[in-house]
Amino acid sequence: MTRILQAVSALIVVGWCVAAPVFAQNNASIRQDNIRSVTISQAIQDLFPVQTEGIDYQSVYDAFAQLYANPLDLNSATRDELAATYLLSERQLNSLTTYRAEIGNLLSIYELQAVPDFDVATIRRLLPFVTVTDESGLFGNLPTPTDNYLIVRYEQVLEQQKGFSEAVPDKKGNLQSRYLGGSSQWYVRYRYSRPRAFSFGLTLEKDPGEQLTWQPSAHRYGADYVSFHAQLQNRGKWRTVLLGDYQVQVGQGLILSAGFVLGKSAETVQTVRRPTLGVRPYTSLAENGYFRGAAATYALLPSLDLTLLVSRNRRDANITTDTTGTLRMATSLQTSGLHRTQAELDDQGSLIETNLGAHVLYHDRRQLQLGLLVLQTTFDTFFRKRDQPYNQFDFTGKHNLVVGVHGSYIWRNWNLFGEVARSSGSETNSGGLGAVGGALASLTKKLDLALVFRHYDRNFHSFYSNAFSEGTRANNESGAYIGLKYTVYRKLALSSFIDYFTFPWLKYLVDKPSDGFDYLLQTRYTPDRQTAFYAVYHEEHKQKNLPDSKTKDVVGTTRRSYALNVDFKLSPGLSLRSRAQWGSFAYSGQTPSRGFTLVQDATFDYKRLSISGRVALFGTDNYDSRQYVYERDVLYTFSFPAYFYQGIRHYLLVQYSINRHLTIWARLARTDLTNQNTVGSDLDEISAAHKTEVKLQARWKF
């Protein structure tokens, strides 16, 4: 371990020494070859320099990838669509809106330099995700280019996992592996779309251990996961018509929320408000949290829209009977999307869920937005969670109705927003209230502010919500959040937040009402466009059951996280990233569990070839002090592993564009543990101290 530490440390020092002469260079101009220089990976790492649990990073990555492939048209994008990039302050959004209204359409993306309050650093981060349909201004409006591609991906863990090696007898006495399918994973996606016009998509996936089965009677059609959508947009008064799988983002996500929403992160101001984006095609591989059916938005008036949705979907659920054996009921929803064993197959599609919804939205293009939303959810089977104290106020029954109102108002550089909803059902534990409201403000050209207050009753039930919260669901919580971002000058920015929250009722592994708080401090320094430094400190205080306590004592816990990071470009084609990350976790009165990781990344781009790699050394006392670190992966794939125990992690990613149609990716990643004899647990356990993953992907652009 000492030799590994010395080797990684030496690599980081060499990277710093080689990059030192570059630090003095500075060029504020924006050049054509820099438009696509900010990758999706860089955007994700800027938003999440310290990764934590509780955010759907895969959905965030999918949204950025789609935005990267289909940039927003600066002349037609709505304020909410621009706000959803999380890259612009309220002052900048107002300036761009005013500029378009007073000057007219932009003729070029470079015209952003003429918009008041737009600095070079912001423009450079924004450029990969925006466009202007006709930059020449000489030949009229050219049609927006289409995105038409087919992707095929194959993945494999080279070592044998227990689920594929140990055999058990089936019902007939024959021996079979515990996982019913093969160990490979494959994925196919076809997408044909044009922004603001149409979108057609088909996705097929098989996870490791799943079978390829054609059983229409059991709703299995070859691949374990099949997703489809067809959408038309802006056809007269029909703003959108969509068939297939979709999500809806409305208000502050208290009733309907798509996956692309962020909460507490290093972007301490812009990410706390949810933009109203309406109906969106569902393209993620997460096999839950979406509607399957039809949705349409119709313009009753230029400023008044009506959206109707209908959905009927089969959900994975654990089905059992009551103590009398007469009442069939669902006790939990399974959200992993894995169907590898017979028990998981028994849960697959066992609960039919029907949704009917309506949304009326009034929108003044520049100031006011008001909406009324209704969503009725019906299950074909009685739903009741297991009889545990913390489940006392959870949803019980077959029907759940949620009605809410939302709104926002822009006054100067203030954006006031809020949403209130109430749930009701046939059971006595329904009838809770949920409310969230706040403000974003650019107080000065250098200082931005975010305020968010929320209260969710313990019996407030909303199955498709993702409102701002500390917990994973918007219920049984009250809290207050304040975030600040201060630009000292164009090269140096400081940001922070503090959030206080209470849980009035019990939670899983917390056997009494509890409270807590967390705060984050970040500084970012960019001396030139080749170099960026940042430092982050995050501290979180919560209450949990003390492990191994017979009396289930609830005690305070403290988690501390530190991160130091530097990015530098040695040349136009070579960039390095060095990172040191460490932290601790402790139950009150007990010895902290500590962990660290040292990471060195390198990326080399030359013409059609791109090579990136990592060497990471890590060491933790146990899983409690695990370190989350983002990894680059093939296109449309997100890698966010937890490093724990002691060892070394490295990967190599190669991308090569053979021609303008065909691009291929190959990725090899390996983890070696130095203090363990196995990797993984349960059926995923490997009887060796290492794990090797291979991934191959090809994309054909039509």
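This tour moves through the structure one selection at a time and states what is found at each stop.

**Before starting**

The model is predicted: local features require pLDDT of at least 70, side-chain atom pairs count only at pLDDT 80 or more, and totals for chains, interfaces and linings use all residues. Residues are numbered from 1 along each chain as its sequence is written, and side-chain values use heavy atoms, with hydrogens and water left out.

**The whole protein**

Display the entire chain as a cartoon. The secondary structure comes to 8 helices and 35 strands; helices (H or I, at least four residues) and strands (E, at least two) are DSSP runs, numbered from the N terminus. Of the 702 residues, 51% are buried. Buried means under 20% relative accessible area, exposed means over 50%, and partly exposed lies in between (1.4 Å probe, protein chains only). Among contacts between residues at least 6 apart in sequence, 62% join residues at least 24 apart, a contact being heavy atoms within 4.5 Å.

**Helix α3**

Select residues 57–69, which form helix α3. Its 13 residues reach 18 Å from the first C-alpha to the last, close to the 18 Å expected at 1.5 Å a residue; the expected span is 1.5 Å times one less than the number of residues. Because 11 of the 13 residues are buried, α3 is largely enclosed by the rest of the structure. Among the buried residues are Y57, Y61, F64 and Y68.

**Strand β6 and its partners**

Next, select β6 (185–194) and show its side chains. They alternate: Q185, Y187, R189, R191 and S193 point to one face and are buried, while W186, V188, Y190, Y192 and R194 point to the other and are not.

Add strand β3 (residues 147–157), which runs antiparallel to β6 and is joined to it by 9 bridges. Two strands pair if DSSP finds at least two bridges between them. Y154 stands opposite W186 in this pairing. Then add β7 (198–206), which pairs with β6 in the antiparallel sense over 9 bridges. Here the bridge partner of W186 is K206. A hairpin with 3 residues between the strands links β6 and β7, and R196 in the turn has a positive phi of about 65°.

**The second largest cavity**

The structure holds 4 cavities of 30 Å³ or more. A cavity is a set of points, on a 1 Å grid over the protein atoms alone, where a 1.4 Å probe fits but cannot get out; lining residues have an atom within 4 Å of a point. Grid points are joined across faces, edges and corners, and a volume is the space filled by probe spheres set on the points.

For the second largest, of about 60 Å³, select R189, Y190, R191, G201, L202, T203, S227, F228, H229, Y282 and T283. The elements that give two or more residues to this lining are β6, β7 and β10 (225–235). By class, the lining has 4 nonpolar, 5 polar and 2 charged residues. Ala, Val, Leu, Ile, Met, Phe, Trp, Tyr, Cys and Pro count as nonpolar, Asp, Glu, Lys and Arg as charged, and the others, Gly among them, as polar.

**Two positive phi angles**

Remain in strand β10 and select N234. N234 has a positive phi of about 55° although it is not a glycine, and it counts as partly exposed at 40% relative accessibility. Then go to Y645, in the loop between β32 (642–643) and β33 (646–657). Phi of Y645 is near 70°, and this residue is partly exposed at 27%. Most residues other than glycine have a negative phi.

**Strands β24, β25 and β26**

Select residues 492–503 and 514–528: these are β24 and β25, antiparallel strands joined by 12 bridges. D499 stands opposite D518 in β25. Extend the selection to β26 (residues 531–545), which pairs with β25 in the antiparallel sense over 10 bridges. L521 stands opposite Y537 in β26, and a hairpin joins the two strands through 2 residues.

**Two buried residues**

Select S462, in the loop between β22 (447–456) and β23 (477–489). S462 counts as buried at 14% relative accessibility. Leaving aside neighbours within four places in sequence, S462 is in contact with L254, I255 and V402.

Finish at Q627 in strand β31 (residues 627–628), which is buried with a relative accessible area of 6%. Q627 and G595 are 32 residues apart in sequence and 7.0 Å apart in space, C-alpha to C-alpha. Beyond neighbours within four places in sequence, the contacts of Q627 include W582, G595, F596, P641 and Y643.

Technical notes: On a 1 Å grid over the protein atoms alone, a cavity is a set of points where a 1.4 Å probe fits but cannot get out, and a pocket is an open set with protein on both sides within 12 Å along at least five of seven lines; lining residues have an atom within 4 Å of a point.
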